[in-house]
Amino acid sequence: GAKAQGRGAWCFYAEEMTQAARERLTLESRLRRALQQGQLVLHYQPQIDIATGRIVGAEALVRWLDPDEGLISPARFIPLAEVSGLIEPLGAWVLAEACRQGQAWRAAGLPEITLAVNVSPRQLRQSDLPAAVAQALAQSGFSAAQLELEITESALAENHEHALRILHELRALGVQLAIDDFGTGYSSLVQLKRYPIQVLKIDQGFVRDIPHNKDDMAISAAIVAMGHSMGLRVLAEGVETAEQLEFLRAQGCDRYQGYLRSRPVPAAEFEDLLRAEAPH
Ligand code: C2E
Ligand code: MG
Ligand code: MG
Ligand code: MG
């Protein structure tokens, strides 16, 4: 009857829960091991100056190189790292590795670029983030001015006063600050103008349907205009087509990132891209 069916459904649900929890635990301990055993790598996606077409920066994006599964996307493990707390050592590793690599490229005489590193909401909540950044800079010798930290708009909205204090401390180190996925986090303009930031990154969701979606085009254009009026640089993410790039250029957008130019690539491949930029 209905009762038995209800109970059956409940058992099924409970079983699903345990399985999900078990999978989460397995993934978590595997990730912990991966971090210890050096199975995480950074890929680099070029950031292009729209006016000159030259590579002026790169975003460091973490990947997990699992011996069995191959390359695992951050979409699968960053959220887990965030809830489990693993994001703290993982984030520290990403910072250290990006700074080490950036300094190695400088030492090799490659064109100077900014390296953008993603900072998760939980990292931003830690009060020792500025100390961790200072340490990564000091240990590598990388220049603070070439390091850009990307913070999502939603992370800033979470605990506004604390976030603001951390941003000021980071800025005092000389690093640049970018708001990632801008336009998706509902930060008020009053808050926005208080952030000591230099860059707005237009979320790729607004870029994807250019030139077909007129609303997205209007929003992208408005973000460029607003960013510029606040003295900020504006970078568009997820640019895949020449039409999208032309539209963004016409709006005066400063930089872009996207498959149109390059996917995120391993360090050695990025180095080749950068070398090709150097004057011959
Ligand atoms: P994000 O920071 O917004 O990074 C942009 C994502 O868009 C990257 O995905 C990138 O590969 C992808 N992308 C770039 N160009 C295009 C394009 O033209 N078309 C499309 N469809 N996608 C494009 P990825 O590498 O899978 O990273 C996903 C997210 O994972 C990142 O979004 C970021 O939130 C997070 N993430 C990655 N690495 C780290 C990290 O080291 N630390 C933290 N906290 N989060 C990270
Ligand atoms: Mg990012
Ligand atoms: Mg983004
Ligand atoms: Mg994103």
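Colleague: Which side chain does R275 meet in a salt bridge?

Modeller: Keep in mind that this is a predicted model. R275 and E271 are four residues apart in helix α12 (residues 267–277), so about one helical turn separates them. Their side chains come together at 2.5 Å, N to O, and the partner of R275 is E271.

Colleague: Is R275 buried or exposed, or partly exposed?

Modeller: Its partner E271 has a relative accessible area of 22%, which makes E271 partly exposed. R275 comes out at 41% relative accessibility. Buried would need under 20% and exposed over 50%, so R275 counts as partly exposed.

Colleague: What about helix α3: which residue there pairs with E97 in a salt bridge?

Modeller: Look three residues along helix α3 (residues 87–107), about one turn of the helix. E97 is buried at 18% relative accessible area, while the partner is partly exposed at 42%. The N to O distance is 2.8 Å, and the partner is R100.

Colleague: How many residues apart are R30 and D66?

Modeller: The side chains of R30 and D66 meet in a salt bridge at 3.3 Å, N to O. This pair links distant parts of the chain, with R30 in helix α1 (residues 2–36) and D66 in strand β2 (residues 55–66). R30 is partly exposed at 21% relative accessible area, whereas D66 is buried at 9%. Along the chain, the separation is 36 residues.

Colleague: And how many salt bridges does the count come to?

Modeller: The pairs we've gone through are R275 with E271, E97 with R100, and R30 with D66. A pair gets in when a side-chain nitrogen of Lys or Arg lies within 4 Å of a carboxyl oxygen of Asp or Glu. By this rule the count is 16.

Colleague: Over to the metals. Which residues coordinate the magnesium ion (ligand 3)?

Modeller: Their spacing along the chain reads D-D-x55-E. The donor atoms sit at 2.1 to 2.4 Å from the ion, and E237 is listed with two OE entries. The residues are D180, D181 and E237.

Colleague: Which residue bridges the magnesium ion (ligand 3) and the magnesium ion (ligand 2)?

Modeller: The two ions lie 4.0 Å apart. The bridging residue has a relative accessible area of 6%, so it counts as buried. That residue is D180.

Colleague: What is phi of D181?

Modeller: D181 belongs to strand β6 (residues 176–182) and is partly exposed at 24% relative accessibility. Its phi is positive, and D181 is a residue other than glycine. The value is near 55°.

Colleague: Now ligand 1. How many residues surround ligand 1?

Modeller: The closest are R63, N118, Q204, E240 and Y259. The protein covers 82% of the 800 Å² of accessible area that ligand 1 has on its own. The number of surrounding residues is 21.

Colleague: How far does a polar side-chain atom of E240 lie from a nitrogen atom of ligand 1?

Modeller: Several side chains make polar contacts here. A polar side-chain atom of N118 is 2.9 Å from an oxygen atom of ligand 1, and one of E237 is 3.3 Å from an oxygen atom of the ligand. E237 also coordinates the magnesium ion (ligand 3). For E240 and the nitrogen atom, the distance is 2.5 Å.

Colleague: Which residue does a cis peptide bond join to I210?

Modeller: Go to the loop between α9 (204–207) and α10 (214–229). Omega for the bond is about 10°. The residue joined to I210 is P211.

Colleague: Last one: leaving aside neighbours within four places in sequence, which residues is H160 in contact with?

Modeller: H160 lies in helix α7 (residues 160–172). With a relative accessible area of 11%, H160 is under the 20% limit and therefore buried. Beyond those sequence neighbours, the contacts of H160 are Q191, R194 and Y195.

Key. Residues numbered from 1 in each chain as written. Chains lettered and ligands numbered in written order. Predicted model: local features only at pLDDT ≥ 70, side-chain atom pairs only at ≥ 80, totals over all residues. Heavy atoms only, no water. Donors = N, O, S within 2.8 Å, 3.2 Å for Na, K, Ca; no water. Buried < 20%, exposed > 50% of the residue type's maximum accessible area, 1.4 Å probe, protein only. Helix = DSSP H or I, 4+ residues; strand = E, 2+ residues; numbered from the N terminus. Near = heavy atom within 4 Å. Polar contact = N/O pair within 3.5 Å; in protein donor to acceptor, adjacent residues only side chain to side chain. Areas by Shrake-Rupley, 256 points an atom, 1.4 Å probe, with all protein chains shown as cover. Contact = heavy atoms within 4.5 Å.
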